[in-house]
2 protein chains.
Amino acid sequence: MALVVQKYGGTSVGDLERIKNVARRALAARARGDQVVLVVSAMSGETNRLLKLVSGLTERPNEREQDVVVATGEQVSIGLVAIAIEALGGKAQSFMGHQVRIQTDSTYSKARILSVDARPIFDVLKKGAIAVVAGFQGVDQHGNTTTLGRGGSDTTGVAIAAALGATCEIYTDVDGVYTTDPNVCPQARKLDRISYEEMLELASLGAKVLQLRSVEIAMKYKVPLWVKSSFTDDPGTLVTQEDTSMEDIVVSGIALDRNDARVSIRNVPDRPGVAATLFGALDEKAISVDLIVQNTPTNGATDLTFTVGKADLVKAGDVIAKVGKQLGAGAVETDSDVAKVSIVGVGMRNHSGVAARMFRTLSAQGVNILAISTSEIRVSCLIAAKHSEAAVRALHSEFGLDAKPSNASKAKAPRGTVGSAHQAGKSGRARK
Amino acid sequence: MALVVQKYGGTSVGDLERIKNVARRALAARARGDQVVLVVSAMSGETNRLLKLVSGLTERPNEREQDVVVATGEQVSIGLVAIAIEALGGKAQSFMGHQVRIQTDSTYSKARILSVDARPIFDVLKKGAIAVVAGFQGVDQHGNTTTLGRGGSDTTGVAIAAALGATCEIYTDVDGVYTTDPNVCPQARKLDRISYEEMLELASLGAKVLQLRSVEIAMKYKVPLWVKSSFTDDPGTLVTQEDTSMEDIVVSGIALDRNDARVSIRNVPDRPGVAATLFGALDEKAISVDLIVQNTPTNGATDLTFTVGKADLVKAGDVIAKVGKQLGAGAVETDSDVAKVSIVGVGMRNHSGVAARMFRTLSAQGVNILAISTSEIRVSCLIAAKHSEAAVRALHSEFGLDAKPSNASKAKAPRGTVGSAHQAGKSGRARK
């Protein structure tokens, strides 16, 4: 008898038929002898409907009260799912964030979970019932309702699984984590397993499959995390601890992020505090910076390149031109026709020359590299946007990720898989 | 500096413009130096939308979970109203039922308020902010969300006013309590004052202005209760304690209830327990009975007449025919073309002959009385439906309620005033 947390996203509870489908799936797991906790999101479109009501009143809503409004989406879902389970002859009880005591800090609209009180859930499970918990919402120490940010229901699911010592299954409209976006690369292949570290890198690169924070919590508490489709019976992808077999695979996934734009500033004087002044000025304007590259200075000056979200490009260019002038720096260049292609894999730790192999592959395609940044298990290159799809396909092939012809899953083109970072880039953007 | 609870119904917060209007009204009261607590309902149509989602899943939803779903309507409203107040430069904080600790019993969908913890509201008022409380919802002793039944926000408003020692203003789409339904009787006149007892009788007769339970609580805790329009500056009607000036007025209002149907059973044997058997059988089928009339028996048998909701008439007729046969009673008659016209007034206590005057008035109109029931401050007559409007107008004139020609309010025809009992009859129907 397993203890399992099943998290269903907005499309999985998007209408009454789909809600009944979720109820049937939960009851099927119950019938197999599992103890089942459901975590559900708002019905698709509902959060946007609520935010539209808020923005119809003011552009700068009180954030505490906005959370009061948007948290209702998940509350409707838990009640409906519990009703659907009971209507099918099962037993269910819903919980809002304050009822399970999903304790968060008070950062409205992007609160962080501090603790979860699993006791009320255990009480319900002991009675043979299914617990249905509202995703996305929590309560701060003063009893105020908070929300966890877009994709926050993933984090709720993993946090509850951690508190219960359970497995967490994230049900979505794709059937797992892919080596790259199948819309860009038809050879993309569904992964059976991926390590937490790799998933973290991919999530921070804008993969829409999982919220970054949920992967962090899963890694911290070693929660076995499955990514599955709520519409098929595919086993999905297991996100789990790294093991030796994973190290044999040099690159597990390739991400493509098209949300970035480049800013370069020439001849920046090489003095202490210059970078702090430049990036401090951007921070003041709430502009998030991602990749930063600075070369070793020659003749007491250096060139500096960084990326910002496309929407912030004009603002960032203005700020840097102004501050650069004060610092005595040279020309400022901006370019929004760029993309960031990244290879990710824990195997890089034990294989030398991976970065060089990436650069060679890009070079062979005639792709010029505008900037490079690396981590222990990732290499990212900023390139011209026009080369991005060819670059992904070449790297996918070079690192042996192409699906075998017999693999049926390659024919599918699910939305929102690894590397498809449209709209989602902000979630993984570091604030520096 | 007054302490005032303003309750706004669904039409008063029906769209974003109206929500801004509520915010402006609250801030105007604040600017006059009042301490202001708002109690708001769900946006009009919202509760029905949520109930439709529930009924799309099953005809017999789990009641706990249904309350979880429908309570969200008010939660959206409080957040939006608080956001609107803050956007206008004011300070506001919203409260859900569990946050003010509106403690109720566990009767889901029609819970009764047991207590209110006014401290969190006082804390917010002390900071100069406006407290915005969700109507309709509460929390039981186990922390489950409950709802108070249709019109429950009135009860929330009055209960909070009682806990705070405040005045309660009920804002609605009519500008007060009328002597009778202006749609039936153009001479209907808005009342400046009415006693709790009279309002109770009128509410139990199906007047849609106030929920019965809210008047009970206002009477118990002597809460000064104003009925006002949220769209005009009319002072409205004050529901308050009876005083000597009220006793001079024999009849304060005339109610017309068209929801009832009549069942009569002839020659019922005059034995102990017969009435208990008949009405027990109706209760088993969850049929609510209103007026009951039994004459003094002659020859060991009597005729019995009672009224039920029109929707229950066929079912009630079947039950009574069956039970009547077992008891050896005579024929059963049913009639849905009836209406109940009632006169209400605390002055009746000190004026003799009021009932006789009512009967004479009806008789002069050629109206036959099918059944009569009275309380200390009310006389109700069941009559043929076709006579109902003429009866109301004749009684309105007879008891001196007609508006003076100079009174401008007579020209209005607001919906849902006293005596307009369409759709609302159930709320005031006694369960016997």
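**Group meeting: two chains, their contact and two sheets**

Let me start with one pair of residues: A:Asp260 stands opposite A:Gly309, which sits in β16(A). Before I build out from there, keep in mind that this is a predicted model.

So, where does that pair belong? Strand β14 of chain A, residues 260-269, and strand β16 of chain A, residues 301-309, run antiparallel and are joined by eight bridges. Zoom out a little and you get an open sheet of four strands in chain A, ordered β15-β16-β14-β17, with antiparallel pairing. At the edges you'll find β15 (289-294) and β17 (332-335) of chain A; each has a single partner strand, so one side of each has no neighbour in the sheet. From one strand to the next, the twist averages 15°.

There's a helix on this sheet as well. That's α12 of chain A, residues 313-327, and it lies across β14, β16 and β17 of chain A. Its direction is about 5° from that of β14(A).

Okay, the whole of chain A. Here we have 14 helices and 20 strands. The radius of gyration of chain A is 23 Å, and the globule rule gives 22 Å for 432 residues, so chain A is as compact as a globular protein of that length. Along the principal axes, the C-alpha trace of chain A spans about 75 × 55 × 35 Å. The domain assignment splits chain A into domain 1, residues 3-246, and domain 2, residues 247-432. Taken over C-alpha atoms, the centres of those two domains of chain A are 30 Å apart.

Now over to chain B, and another sheet. This one is open too, with eight strands in the order β3-β6-β2-β1-β9-β11-β12-β10 of chain B, and the pairing is mixed. On the edges are β3 (92-95) and β10 (193-195) of chain B, each pairing on one side only. The twist here averages 20° from one strand to the next.

Let's stay at the β10 end for a second. β10(B) pairs in the parallel sense with strand β12 of chain B, residues 237-240, over three bridges. One residue pair to look for there is B:Ile194 with its bridge partner B:Val239 in β12(B). Helix α8 of chain B, residues 196-204, lies across β10 and β12 of chain B, and runs at about 80° to β10(B).

Next up, how do the two chains sit together? Turn chain B by 180°, with a shift of 0.0 Å along the axis, and it can be laid on chain A with an RMSD of 0.1 Å. The two copies are therefore related as by a two-fold rotation axis. If you want a landmark for that axis in chain B, go to B:Thr72: its C-alpha is the nearest one, 2.7 Å away.

And which residues make the contact? Chain B puts in 30 residues and chain A puts in 30 residues. On the side of chain B that touches chain A, at least two residues each come from α1 (16-31), α2 (46-55), α3 (63-70), α4 (72-87) and α5 (97-100) of chain B. The largest share, 11 residues, belongs to α4(B). Sorted by class, that side of chain B has 16 nonpolar, 11 polar and three charged residues.

Last point on the contact: 100% of the interface residues of chain B are also interface residues in chain A, so the copies meet through the same surface. That's it from me.

Definitions and conventions
Residues are numbered from 1 along each chain as its sequence is written. Chains are lettered from A and ligands numbered from 1 in the order in which they are written. This is a predicted model: local features need pLDDT of at least 70, side-chain atom pairs count only at pLDDT 80 or more; totals for chains, interfaces and linings use all residues. Copies are superposed by least squares on the C-alpha atoms of residues with pLDDT of at least 70 in both. Two residues are in contact if their C-beta atoms, placed from the backbone, lie within 7 Å. Ala, Val, Leu, Ile, Met, Phe, Trp, Tyr, Cys and Pro count as nonpolar, Asp, Glu, Lys and Arg as charged, and the others, Gly among them, as polar. Domain bounds come from an automatic or database domain assignment. Two strands pair if DSSP finds at least two bridges between them. Axes are lines fitted to C-alpha atoms, for helices over the stretch in contact, and angles run from 0 to 180 degrees between N-to-C directions. The radius of gyration is taken over C-alpha atoms; the globule rule is 2.2 Å times the number of residues to the power 0.38.
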